[in-house]
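Please open the model in your viewer and keep the selection panel at hand. The stops below say what to select next and what is to be found there.

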2 protein chains.
Amino acid sequence: MRARIEDVAAAAGVSMKTVSRVFNREPNVREETRLRVEEAARQLNYRPNTSARSLAGRRSYLVSLLYDNPSPSYIMEVIEGVLAACEQSHYGLTLRPVDFGQRGHVESVETLISQYRPDGLILTPPLTDDAALVRRLRELNVRYATISAKRDGGGIGATLDERAAAADMMAHVVALGHRRIGHIAGAWRLAGYLDGLRQAGIEPDPDLVVEGEFSFESGIAGARQLLDMADPPTAIFAANDDTACGVLYEAAARGLRVPEQLSVFGFDDTPISRQVWPSLTTVRQPSREMGRIAAQQLIAAIDGHGPAHMVRVPYQLQIRHSTGPAPRR
Amino acid sequence: MRARIEDVAAAAGVSMKTVSRVFNREPNVREETRLRVEEAARQLNYRPNTSARSLAGRRSYLVSLLYDNPSPSYIMEVIEGVLAACEQSHYGLTLRPVDFGQRGHVESVETLISQYRPDGLILTPPLTDDAALVRRLRELNVRYATISAKRDGGGIGATLDERAAAADMMAHVVALGHRRIGHIAGAWRLAGYLDGLRQAGIEPDPDLVVEGEFSFESGIAGARQLLDMADPPTAIFAANDDTACGVLYEAAARGLRVPEQLSVFGFDDTPISRQVWPSLTTVRQPSREMGRIAAQQLIAAIDGHGPAHMVRVPYQLQIRHSTGPAPRR
DNA sequence: TTGTAAGCGTTATCAT
DNA sequence: ATGATAACGCTTACAA
């Protein structure tokens, strides 16, 4: 049968409590004792029983990841990172898909909480900026970390300076000679777009900004609107890669060559950006890393081991084949 | 504080054990008693404590999903289905990424088992056909269900007749006039490719079949090999959508128009198949549904509620824009 | 620094 | 058909 804490205690010649202290990294254990316990545990291949730990400790050792449905590859990357951090700290992970737009989505999260009693939550966009949800979590006194929140109200988690990234991207195409640059927005990367224009001394044209919603379809719709203009843009900045793919699709349908006749760039560096022709110029965010950091910060906050922060991670421009010199007019 | 089984028992005027019987659908409870207990539980908003249940019952009420890394969107769909089934049966879900090729991947699964003690596992391709892993699971007497296993050795889970699907796809392009059809294989969809040729009375040419590994890169490599032939194919059947995208990429790089000069088709109907130009002809498999079914069958086997099976689900050809009439020679 | 004893909320066992 | 009581393996509170 499986070794219990009692067995380890006996083998190490100490009490159960001491073994417990070692495994929970509590203070007040002599170094020598600790080593003896660790050796005994290894010998017996001891693994703490999670259920017993939860029951006695009145906590679940569970972290819950809430996501709406941005891109599957994005979420899978985040999951990888979160899983890595959880593993290391002996926490489990529960997944919770949430329908952001839906009525009752906050209640669905409350159900999750009362059923699984997670020790903390991790929010991904767009849930990070769901005011109703966040307010309720505060009321319920449930800990949470955020990934890429628009506003980090002094919370914990991981962010990236999307505005600066967007502005850098703009500088890239401006350097290629583009002056009329369209934007299919999903709201917040817009600020960087405007910064980029301003820094280049280009007057923003409101007609060049159309609403999007981070989907392939809105990329097609946005591209149509922009390309049908009397004076169409020579470059289009899509708010994410899926949208950029929609632009690419519409361009191909019109027989427009990219990047010779139209430059296109996205955001996120999802795998699809490498798997389309031409491959997509985009901004890479270290999603896996951000998942890992958010989970680490959350667990640190739960365990009270050291202070938890909002960590800013670096971005990276990925210049590929969908951007090129502006065409002569 | 949260209601316990004891509170419900008191409120219903019965013993704890009777409440336990009701919640676990055990026999030997009078209908009237059952109703009284259920009413009391509702009044008190009682939810069984999972940790206590696991500890006392010596089972985890946990199902674990093992995946390597086919496409993220595929796994996300499967997860959705599995989650839905788990929710319904009050089981939790644990995720376990496994490096199929890696040394020690079986040990990593054993670690998962000894740590989380899941009541059952769900295997996705290519782990479904990992002989070493499956053998070990049998030895350890660990229950598992499979999704899209090549060989269903009398196991439980969900499958789809990939061979027939591949053959149907072949019939489609043969009807379009193609005779030289290449295949970038990842092993098992090959049988359907050969069936399709045979049914059309076309002699298979071994040179037209190249090895792939279900990746974008192998699509590029395979396409190069096939298109560099003296007598190149007019159509290429890629073993999955990612590979097909690689073919599309290479075709674009060579200035080959699809489908006018080359037809391409894939397998899986991942979102990318709609987001490339031209959109991809492919086979749709109901991944979400398969996840749900596999989890249901697994849980049925665990709980012993009725017999569990290997369920065959229907596929569907998605004819899009990447296949067209064969070019004149 | 280390140990003892009393739970944690449920299910299993054995009665009735 | 129902109930009393002892586990289950760990942590907490308190003691030494």
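Begin by colouring by pLDDT, the predictor's confidence in each residue on a scale from 0 to 100. This is a predicted model, in which local features need pLDDT of at least 70 and side-chain atom pairs count only at pLDDT 80 or more, while totals for chains, interfaces and linings use all residues. Residues are numbered from 1 along each chain as its sequence is written, chains are lettered from A and ligands numbered from 1 in the order in which they are written, and side-chain values use heavy atoms, with hydrogens and water left out.

**Confidence in chain A**

With chain A selected, the mean pLDDT is 92, and 98% of the residues of this chain reach 70 or more. Helices (H or I, at least four residues) and strands (E, at least two) are DSSP runs, numbered from the N terminus. In chain A, confidence is lowest in helix H6 (residues 105–116), where the mean is 86, and highest in strand S9 (residues 263–265), at 98. Where pLDDT is low, the predicted coordinates should not be read in detail.

**DNA strand D**

Next select DNA strand D together with the residues near it, a residue being near a strand if one of its heavy atoms lies within 4 Å of it. There are 25 residues around DNA strand D, of which A:Ile5, A:Lys17, A:Tyr46, B:Thr18 and B:Asn28 come nearest. Of the atoms of this strand within 4 Å of the protein, 65% belong to sugar or phosphate, and the rest belong to bases.

For individual polar contacts (pairs of N or O atoms within 3.5 Å; within protein, one must be able to donate a hydrogen and the other to accept it, and residues adjacent in sequence count only if both atoms are side-chain atoms), display three residues in turn. The side chain of A:Asn24 has an N or O atom 3.0 Å from a phosphate oxygen of DNA strand D, and the side chain of B:Thr33 places one 2.7 Å from a phosphate oxygen of DNA strand D. At A:Asn49, by contrast, it is a backbone N or O atom that lies 3.2 Å from a phosphate oxygen of the strand. Helices H2 (16–23) and H4 (50–57) of chain A and helices H2 (16–23) and H4 (50–57) of chain B are the elements that give two or more residues to this surface, and the largest share, four residues, comes from H4(A).

**DNA strand C**

Which residues come nearest to DNA strand C? Of the 26 residues around this strand, they are A:Thr18, A:Asn28, A:Thr33, B:Ile5 and B:Ser20. Sugar and phosphate account for 62% of the atoms of DNA strand C that come within 4 Å of the protein.

Zoom in on A:Arg21, where a polar side-chain atom lies 3.0 Å from a base oxygen of DNA strand C. Polar backbone atoms are also to be found here, that of A:Arg30 being 2.7 Å from a phosphate oxygen of the strand and that of B:Ile5 being 2.5 Å from a phosphate oxygen. The largest share of the surface near DNA strand C, four residues, comes from H4(B).

**Between the chains**

Now hide the DNA and show where chains A and B are in contact, meaning heavy atoms within 4.5 Å. The contact takes 39 residues from chain B and 39 residues from chain A. Buried area is the accessible area (1.4 Å probe) that two parts lose on being put together, summed over both; between these chains it is about 3,400 Å², of which carbon and sulfur atoms give 62%. B:Met76, B:Gln275 and B:Trp277 supply 19% of the area that chain B buries against chain A, more than any other three residues.

Two salt bridges (a side-chain nitrogen of Lys or Arg within 4 Å of a carboxyl oxygen of Asp or Glu) are counted between the chains. One to display is that of B:Glu87 with A:Arg96, whose closest N and O atoms are 3.2 Å apart. On the side of chain B that touches chain A, the largest share, seven residues, comes from H5(B).

**Backbone details**

For the last stop, select A:Trp277 and A:Pro278, which are joined by a cis peptide bond with omega about -10 degrees; A:Pro278 lies in the loop between S9 and strand S10 (282–284) of chain A. In chain B, the peptide bond from B:Trp277 to B:Pro278 is likewise cis, with omega near -10 degrees. Finish at A:Arg25, a residue other than glycine with a positive phi, near 50 degrees, which is placed in the loop between H2 and helix H3 (31–44) of chain A.
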